[in-house]
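Visitor: I would like to go through this model with you, one question at a time, and hear the reasoning behind each answer.

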Amino acid sequence: MLKKAIGFLDSLNSRLDWKTVFFVLFLVALFIRFPFFFRDYVDRDESTFIIMAQSWVDGHLPYTQLWDLKPPITFLFFAGVIAVFGKSFIAIRLFGTLLVALTALFTYGMATRITTKKVGFWCAMFTVFFLSLFGSLQGVMSEHICTLFLVMALYLLLAKNGLGWHLVIGLLLGISVMSKLNMAYPILALGIYLLWAAFKGQHFWKDLQHLIWMGIGFGLLVTLTAVPYYLQGELTTWWGSIFEAPLAYSQSKFHSIAKALPVVLGTLLLLGLGIGKRLIDIKSKEIQVLLLVILGVLISFMQTGKVNGHYLIQLYPFLLILVAIAVSKLPPLKKNLQMVVGVLLVLIPMEAYLEYANVVNNKMEKGSFFNGEGIDVPNYIIENQLETKNIFFTEYHIGYWVLGETPPTKAATHPSNITRDKLFPFMDNPRTTGMEELRYIMEEIKPKTLVTRKRETIFDKKLLEFNAYIDVYLAQHYKLVKTIDRGLIYQRLE
């Protein structure tokens with residue numbers, strides 16, 4: 001059965017067109033990601049994007065009512081889905097699946113310009129796997145958004161010509177950066193390479209015109225994101241939140257280049273082996289572009305000083321193409337090893353299989369496919385008519401969206417932002433430190449209901465002052481009224 005399935009996929013390779021490839025990739029992505037449609041959240045960042053997007057749908061520009069570190073295109077993606085489909089986890093995750101399938105499709109397009117359709121197809125398939133599994137990638141992350149537009153831009157750069165296309169490429173690159181700012185590093189590396197290639201080539205003026213139009217497209221897109229803020233007199237908010245705050249965040253004492261080195265050095269070693277063994281042809285323009293983009297992403301990791309699992313989404317499509325090309329030049333596997341590989345392919349989506357079981361169990365036990373404390377805790381609060389005005393979530397903050405509430409302060413939009421003193425100058429916030437903000441929430445706003453998570457400390461264990469304060473304050477002024485799995489619901493005593 002397994003052998004026939006692999007043979008069937010291989011037989012498709014010679015006659016695959018773009019529509020068929022997209023259909024297969026979307027089905028695979030949907031199968032892997034579907035059980036996570038019902039999860040409250042996979043990564044806390046996704047919850048923050050949803051809350052920020054809802055604020056935008058309600059008429060507030062990002063960074064004005066609520067605040068987070070990401071550029072506005074990320075929030076625009078979520079806001080667009082919410083504006084059309086309302087409060088729907090399924091719609092958001094379905095469009096996330098579409099992002100993954102389209103990224104894999106354009107990865108296939110890039111790969112087929114360098115290697116065979118068969119290699120390109122399997123490269124695209126593994127792109128779906130790596131953008132959907134192994135960590136917190138089943139949610140919809142800003143990296144999914146920015147990577148799609150970067151992959152689209154690179155495909156057009158390699159496949160199309162003409163000034164109009166280069167304007168489109170610039171627009172796509174602008175969308176990528178304004179979805180996640182660290183995309184500026186690979187794009188800068190790409191720009192330097194293209195300028196060098198123009199000087200070295202025989203069509204300098206033509207190539208320079210292409211670069212100029214790319215720059216116009218990029219600048220136009222960035223400028224368009226500033227227009228709404230200019231019209232509302234909030235241009236300094238736009239500049240500080242999008243460009244200055246991420247630089248301040250990267251200088252956090254908890255970030256260090258050393259934390260990024262394992263991924264950076266491991267990737268460079270892998271590429272070095274491929275080049276050294278002549279499995280990767282660095283004379284190819286297409287491969288040079290991929291290598292420079294990878295290098296730019298790695299530099300951005302070092303500048304950030306850490307590499308969360310979802311950061312790697314920005315690396316996978318380009319790295320997988322090179323790995324696939326290298327593997328295709330190795331001697332073919334023996335038949336018995338091919339079967340082993342086939343079994344491994346079936347086992348790769350193990351996280352999805354387990355989540356299907358979890359969804360079914362939740363339906364049987366609680367009567368709903370939707371699961372997680374971010375859903376169960378708000379349901380309990382609604383059923384028991386607990387006070388939700390100024391409710392404070394230190395965890396499971398997707399609960400704000402479920403309840404139709406907003407965080408008690410701008411800094412509390414993402415719970416961890418409260419502890420990041422370096423970000424406060426960019427929030428247009430009356431308080432200037434995290435401890436001031438926490439005291440203001442607890443002692444001035446005095447939320448009647450507070451939700452946290454059962455674990456050793458409420459905040460990061462390194463934040464001794466924050467944890468000491470809130471532990472004492474909860475003990476003196478709150479009582480625990482309900483525990484739902486790991487969710488703790490507190491009510492104020494007075």
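Visitor: Is Val 227 buried, partly exposed or exposed?

Guide: This is a predicted model, so the answer rests on computed values. Val 227 lies in helix H10. Since buried means under 20% relative accessible area and exposed means over 50%, the 36% computed for Val 227 places this residue in the class called partly exposed.

Visitor: Which helix gives the most to the nonpolar patch?

Guide: The nonpolar surface patch covers about 610 Å² and is made by Leu 220, Leu 224, Val 227, Tyr 230, Leu 231 and Leu 235. Five residues of the patch come from a single helix, spanning residues 204-231, and that largest contributor is helix H10.

Visitor: Where is Glu 395, and with which side chain does the side chain of Glu 395 make a polar contact of 3.4 Å?

Guide: Glu 395 sits in the loop between strand S1 (392-393) and H18, and because its relative accessibility is 2%, Glu 395 counts as buried. Leaving aside residues up to four places away in sequence, Glu 395 touches Tyr 41, Arg 44, Val 451, Thr 452, Arg 453 and Arg 455. The polar contact of 3.4 Å joins the side chain of Glu 395 to that of Arg 455.

Visitor: How many of the 14 residues of H3 are buried?

Guide: Helix H3 takes in residues 44-57 and reaches 20 Å from its first C-alpha to its last, close to the 20 Å expected at 1.5 Å a residue. The cover over its buried residues includes helix H4 (72-85), helix H5 (89-112), helix H7 (142-159) and helix H18 (399-403). Among the buried residues of H3 are Phe 49, Ile 50, Ile 51 and Met 52, together with polar ones including Asp 45 and Gln 54. H3 is thus mostly covered, and the number of its buried residues is eleven.

Visitor: At the start of H3, which residue has a side-chain oxygen that reaches the backbone nitrogen of Asp 45?

Guide: At the other end, H3 is followed by Gly 59, whose phi is positive, near 110°. At the start, the side-chain oxygen comes to within 2.8 Å of the backbone nitrogen of Asp 45, and the residue that supplies this oxygen is Asp 43.

Visitor: How far apart in space are Ile 299 and Val 377, C-alpha to C-alpha?

Guide: Ile 299 has its place in helix H13 (residues 285-304), and because its relative accessibility is 38%, Ile 299 counts as partly exposed. Ile 299 and Val 377 are 78 residues apart in sequence, and their C-alpha to C-alpha separation in space is 41 Å.

Key
Residues are numbered from 1 along each chain as its sequence is written. This is a predicted model: local features need pLDDT of at least 70, side-chain atom pairs count only at pLDDT 80 or more; totals for chains, interfaces and linings use all residues. Side-chain values use heavy atoms; hydrogens and water are left out. Helices (H or I, at least four residues) and strands (E, at least two) are DSSP runs, numbered from the N terminus. The expected span of a helix is 1.5 Å times one less than its number of residues. Buried means under 20% relative accessible area, exposed over 50%, partly exposed in between (1.4 Å probe, protein chains only). Contact means heavy atoms within 4.5 Å. A polar contact is a pair of N or O atoms within 3.5 Å; within protein, one must be able to donate a hydrogen and the other to accept it, and residues adjacent in sequence count only if both atoms are side-chain atoms. Patches are made of residues with over 30% relative accessible area and no salt bridge: like charges are joined within 9 Å, nonpolar side chains (Val, Leu, Ile, Met, Phe, Trp, Tyr) within 5 Å. Accessible areas come from the Shrake-Rupley method with a 1.4 Å probe; for residues, only the protein chains shown count as cover. A salt bridge is a side-chain nitrogen of Lys or Arg within 4 Å of a carboxyl oxygen of Asp or Glu.
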